[in-house]
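I opened this entry to look up what surrounds the ligand and where enclosed space is left inside the protein. The structure follows, and my notes come after it.

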Amino acid sequence: MTWSSFQTGPFSSSAVLGAVVYGPRCRNPHLDRGFPELTVHAVADSADAFTEVWHTDRPIERGALDGVVHAHDGESLFCAARIDSSDDCTEAVRAAYLTALGLTRTLDYQRIFRMWNFVENINGTNSEGLEVYRDFCRGRARAFHEFGFAEEQLPAATGVGALGGGIGFCLLAGRSAHRVTIENSRQLPAYRYPERYGPSSPSFARATHVAAAGGGAFIYVSGTASVVGHETLHRGQITEQCGETLANLEHLLSADNLARHGLRPGRRLEDLRNIKVYVRHQQDLLTVREICAKAFSPAADIAFLNVDLCRSDLLVEIEGIVF
Ligand code: 3EB
C-alpha cells in the first residue's frame, strides 16, 4: 500500500512512489531523483514550500509516456503531468488525461482513487469567454467519457488554482485494492451539477474508500468547500464558509453517510491526516488557521496554501486522508 507524508526538508529518495512539490515555481514533471515528481507553483515564498511524498514498501518501476511520468509497485500507480498555459485547454487536458488513463489500463492499475489538479488562472477566461476551470472540466470530462468511465466510478479529486505553470495534475490508482466511491448526501454529486456551472460537470467523487488486499483501509477525501446541494453558501463570509466546509467533511465521514455505501465505522474530523487547506485570500489565513487548529487533531499535519479556488465565490477548500 502507499501512504503519504509532508516533508519540509530533504528526504530520502528510496521507497518513494512519487512526490508533489508545493514550491515557489513550477517545473516539468521529471524522474531525476528516481521517482516521478510534480512541482506545482503553489507558494509565493520558498520558506513555505513543502513536499507530499508517497511512500511504498515495495520496489518500483518507473517511466515516462508523452510527458506523463509514472511509477508503480505492483499495488499502486502514481502518475503526473503538466500542460502549458494556453488560451484554450480543453483539448490539451483531454489528451494528457487520456495518456494517464491509458497508463492505468496498460499497466493494469484500473482502480483510480485520487487525483489532484492545479490550474493557473483558474478563474480567468479563455478565448471563447469560458472560465478556465470550466474549460479544464470539459477536457477532463471528455477524457473520462471517452475512456468509458461511468460517472459513479470517478475518483476523489482536488481542483484548485496555482500561481503559475499552466495545469499540473497527478493521480493515484490501485491494481487489486477494493475501492468504493463515496458521495455526500448534503451535496449533489459534482458530476450532476447543473449546466449553469459550466458545459461539462466536474468529474469527481467526494471521497474514495480503499481497502488494501493485505488489510488496512484509507479514505481519500476530495477538496471540500462550502457547497450544499450545488450552491455556494455564505458568499464573502470566511468563518461561515469554514463552518459549512467542516460540516460537509463531518457528514461525509459520518456513520450514516458511509453506511449508504456499505462502509463502516463512521469517522470523525479528528481522524483526518495530511490535511491541505486552500485559502483564496491571504488576509483570511489567520482565521482559517485558528478554526482548523480547533477542528482537527494535533497529530495531523495541516498545510495552508494561498491559491484561487474553482468557483470565484469560494474562499476555502479542505482535503485530507483517513489512514
Ligand atoms: C466543489 O465542491 C468544490 O474539479 O476536481 C472540489 C474538489 C472542487 C475537486 C475538481 C472541484 C474539484 O464543487 C470544487
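Before counting anything I fixed the term: a cavity is a set of grid points, laid over the protein atoms alone, where a 1.4 Å probe fits but cannot get out. I also noted that this is a predicted model.

Entry 1, cavities. How many cavities of 30 Å³ or more does a search of the whole structure find? I found two listed at that cut-off, and I took them in order of size.

For the largest cavity I wrote down a volume of about 50 Å³, and its lining is made up of M1, E75, S176, A177, A212 and A213. Sorting that lining by class, I get four nonpolar residues, one polar and one charged.

The second largest cavity holds about 40 Å³ of space, and I listed C26, T39, V40, H41, R82, F118, A162, G164, G165, G166, I167 and G168 as the residues that line it. Two elements, β4 (37-41) and β11 (167-174), give two or more residues each to this lining, and β4 gives the most, with three. By class I noted six polar residues, five nonpolar and one charged for the lining of the second largest cavity.

Entry 2, the ligand. Which residues come nearest to the ligand? There are 14 residues around the ligand, and from these I picked out Y133, R140, Y193, R206 and C310 as the ones that come nearest.

I then went through the side-chain distances one at a time. In the side chain of Y133, an N or O atom is 2.5 Å from an oxygen atom of the ligand; for the side chain of R140 the corresponding distance to a ligand oxygen is 2.7 Å, and for that of R206 it is 2.9 Å. Because a polar contact is a pair of N or O atoms within 3.5 Å, I entered the pairs with Y133, R140 and R206 as polar contacts.

How much of the ligand does the protein bury? Taken alone, the ligand exposes 360 Å², and I noted that the protein buries 100% of that area.

Next I asked which elements give two or more residues to the shell around the ligand. I found α2 (132-146) and β10 (156-162), and the largest share, three residues, comes from β10. As the last item of this entry I recorded the classes in the shell around the ligand, which are seven nonpolar, four polar and three charged residues.

Technical notes: Residues are numbered from 1 along each chain as its sequence is written. This is a predicted model: local features need pLDDT of at least 70, side-chain atom pairs count only at pLDDT 80 or more; totals for chains, interfaces and linings use all residues. Side-chain values use heavy atoms; hydrogens and water are left out. A residue is near a molecule or strand if one of its heavy atoms lies within 4 Å of it. A polar contact is a pair of N or O atoms within 3.5 Å; within protein, one must be able to donate a hydrogen and the other to accept it, and residues adjacent in sequence count only if both atoms are side-chain atoms. Accessible areas come from the Shrake-Rupley method with a 1.4 Å probe; for residues, only the protein chains shown count as cover. Helices (H or I, at least four residues) and strands (E, at least two) are DSSP runs, numbered from the N terminus. Ala, Val, Leu, Ile, Met, Phe, Trp, Tyr, Cys and Pro count as nonpolar, Asp, Glu, Lys and Arg as charged, and the others, Gly among them, as polar. On a 1 Å grid over the protein atoms alone, a cavity is a set of points where a 1.4 Å probe fits but cannot get out, and a pocket is an open set with protein on both sides within 12 Å along at least five of seven lines; lining residues have an atom within 4 Å of a point. Grid points are joined across faces, edges and corners, and a volume is the space filled by probe spheres set on the points.
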